[in-house]
Amino acid sequence: MAALLRQCRVRAGNPSLRDIERLGEKQGHVLPRSTVAGVLAGRRGPRRDLFLALLTAFGIPEEDRAAWTNAWERAVAGEPAEFAAEPDDDIWRFPPDEPVMITCGRIPESEISELTPSDPRDPDYVDLATYADPDALIHLFGHIRALNPENEVKFATTNELQPGDYASHLVVIGGSDFNMLTRDLFSALHLPVKMSPRLPETDWLGMEVANGDETQRFSPVLGHEYGARILHEDVILFFRGVNPADRRRTITICAGMYARGTLAAARCLTHPALGPANQAYLRRTVGANLHFGFVARAIVMDRMVAPPDLTNPEHRLYEWVRPE
């Protein structure tokens with residue numbers, strides 16, 4: 001529990017104990033520095049009210065509170081903490097001083113809204129508005145930057161990558177519709193998964209898995225309400241392997257059939273409540289293997305996407321591990 005709270009503190013900008021105490025006062029909570037220090041160090045268990053006050057101070061969303069409260073109850077009851085974080089083994093932690101490049105596709109000018117100036121000469125031009133998956137990009141950039149203060153962490157669209165960037169720990173965001181690098185990597189890495197293109201003439205949309213002589217297909221779930229197309233469930237892919245451009249580095253793919261799914265793939269191992277449990281699950285199933293991946297379902301509720309819980313078999317659609 002202490003490790004989870006320390007991760008939340010880092011993601012909140014690593015405020016000092018004095019800042020946490022002051023923030024608690026502003027929010028109407030009592031967060032004494034000495035008590036908070038003991039809780040974060042794991043020397044004392046937090047009372048429920050102090051625990052919830054810390055979550056508020058660290059900016060944990062209200063919709064995540066139920067999972068956190070459940071985790072607190074398990075910790076107080078002394079149950080085995082299989083969900084406990086192991087910060088040094090975090091999948092998003094890279095060796096010090098090794099570069100990290102996060103990349104996603106760029107939306108074609110023909111598909112950019114008229115409300116978004118696409119001409120760089122326009123005074124209102126916003127470059128990030130042309131990125132295909134800005135939500136997932138910003139989330140991962142902040143998370144990786146916070147976990148790797150000694151590393152150079154950059155981001156760019158795929159068409160902006162320089163030759164040297166491919167030798168970084170490469171994090172590729174988004175499906176093959178806007179990100180051509182994702183499409184090329186499916187072949188280069190010999191992945192058992194294929195993504196169907198989102199084209200008008202495509203008769204089926206989803207991810208296809210070749211499992212021996214058997215082929216499995218997984219499709220997103222969409223509905224039509226009040227004349228609009230609504231995404232209820234997306235299919236996501238997470239992959240980690242050895243970077244073929246530099247075998248000293250890794251390559252990671254976070255992709256969904258839709259942007260909400262790509263965000264779920266990015267948050268799957270960073271979510272404050274689900275992330276530690278999902279990482280613990282991968283440590284048990286993957287071990288020391290450097291090539292692994294999974295296809296999972298991500299539920300969308302009122303436009304908010306929930307990352308999959310890998311400990312729940314109903315959320316896992318397909319997973320593989322290959323010795324590298």
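Which residue in S10 is the bridge partner of Phe 238? I started my notes with that one, and the partner turns out to be Phe 294. A reminder to myself: this is a predicted model.

**Entry: S8 and its partners**

I looked up S10 next and found that the strand covers residues 291–301. S8 and S10 run antiparallel, and I get eight bridges joining them.

Then I went to S9, residues 250–256. S9 pairs with S8 over seven bridges, again in the antiparallel sense. For a register check I took Arg 240, whose bridge partner in S9 is Thr 252.

S7 came after that, at residues 221–225. I find five bridges between S7 and S8, and the sense is antiparallel. Val 221 has Glu 233 of S8 standing opposite. The two strands, S7 and S8, make a hairpin with two residues between them. I checked the turn for odd backbone angles: Tyr 226 has a positive phi there, about 55°.

Is S8 enclosed or open to the outside? I looked at burial for residues 228–242 and got 11 of the 15 buried, so the strand is largely enclosed by the rest of the structure.

**Entry: the small sheet**

I moved on to S4, S5 and S6, which form an open sheet in that order with antiparallel pairing. S4 (193–195) and S6 (214–218) are the edge strands, each pairing on one side only. I noted an average twist of 20° from one strand to the next.

S5 takes up residues 207–211, and three bridges tie this strand to S4. One pair I jotted down is Val 193 with its bridge partner in S5, Val 209.

**Entry: cores**

Which members of the largest nonpolar core touch the most other members? I have Trp 92, Ile 144, Ile 253, Leu 282 and Val 295, out of 62 residues in that core. A separate core lies apart from this one and has 20 residues, including Leu 40, Leu 50, Leu 54 and Ala 71.

I picked Leu 282 for a closer look. Leaving out residues up to four places away in sequence, Leu 282 touches Ile 91, Leu 269, Gly 287, Phe 292, Phe 294 and Leu 310. Phe 294 is back on my page here: I had this residue down as the bridge partner of Phe 238.

**Entry: H3 to H5**

Thr 35 sits in H3, which spans residues 33–41. Buried or exposed? Its relative accessible area is 13%, and under 20% counts as buried, so Thr 35 is buried. Beyond residues up to four places away in sequence, Thr 35 touches Arg 44 and Leu 50. Leu 50 is also among the members of the 20-residue core.

Arg 47 is in the loop between H3 and H4. I get 47% relative accessibility for Arg 47, so I'm calling this residue partly exposed. I also checked Arg 47 against Glu 319: they are 272 residues apart in sequence, and their C-alpha atoms are 39 Å apart.

Last, the helix pair. H4 (residues 48–57) and H5 (residues 65–77) pack at about 140°, with 11 Å between their axes. That angle makes H4 oblique to H5. I have the crossing of H4 and H5 down as right-handed. On the H4 side of the contact I listed Arg 48, Phe 51, Leu 52, Leu 55 and Thr 56. They meet Arg 65, Trp 68, Thr 69 and Trp 72 in H5.

Terms used: Residues numbered from 1 in each chain as written. Predicted model: local features only at pLDDT ≥ 70, side-chain atom pairs only at ≥ 80, totals over all residues. Heavy atoms only, no water. Buried < 20%, exposed > 50% of the residue type's maximum accessible area, 1.4 Å probe, protein only. Helix = DSSP H or I, 4+ residues; strand = E, 2+ residues; numbered from the N terminus. Pairing = 2+ DSSP bridges. Core = buried A, V, L, I, M, F, W, Y, C linked by side-chain atoms within 4.5 Å. Contact = heavy atoms within 4.5 Å. Axes fitted to C-alpha atoms, helices over the stretch in contact; angles between N-to-C directions. Parallel < 35°, antiparallel > 145°, perpendicular 65-115°, else oblique. Left-handed = near helix turned anticlockwise from the far one by under 90°.
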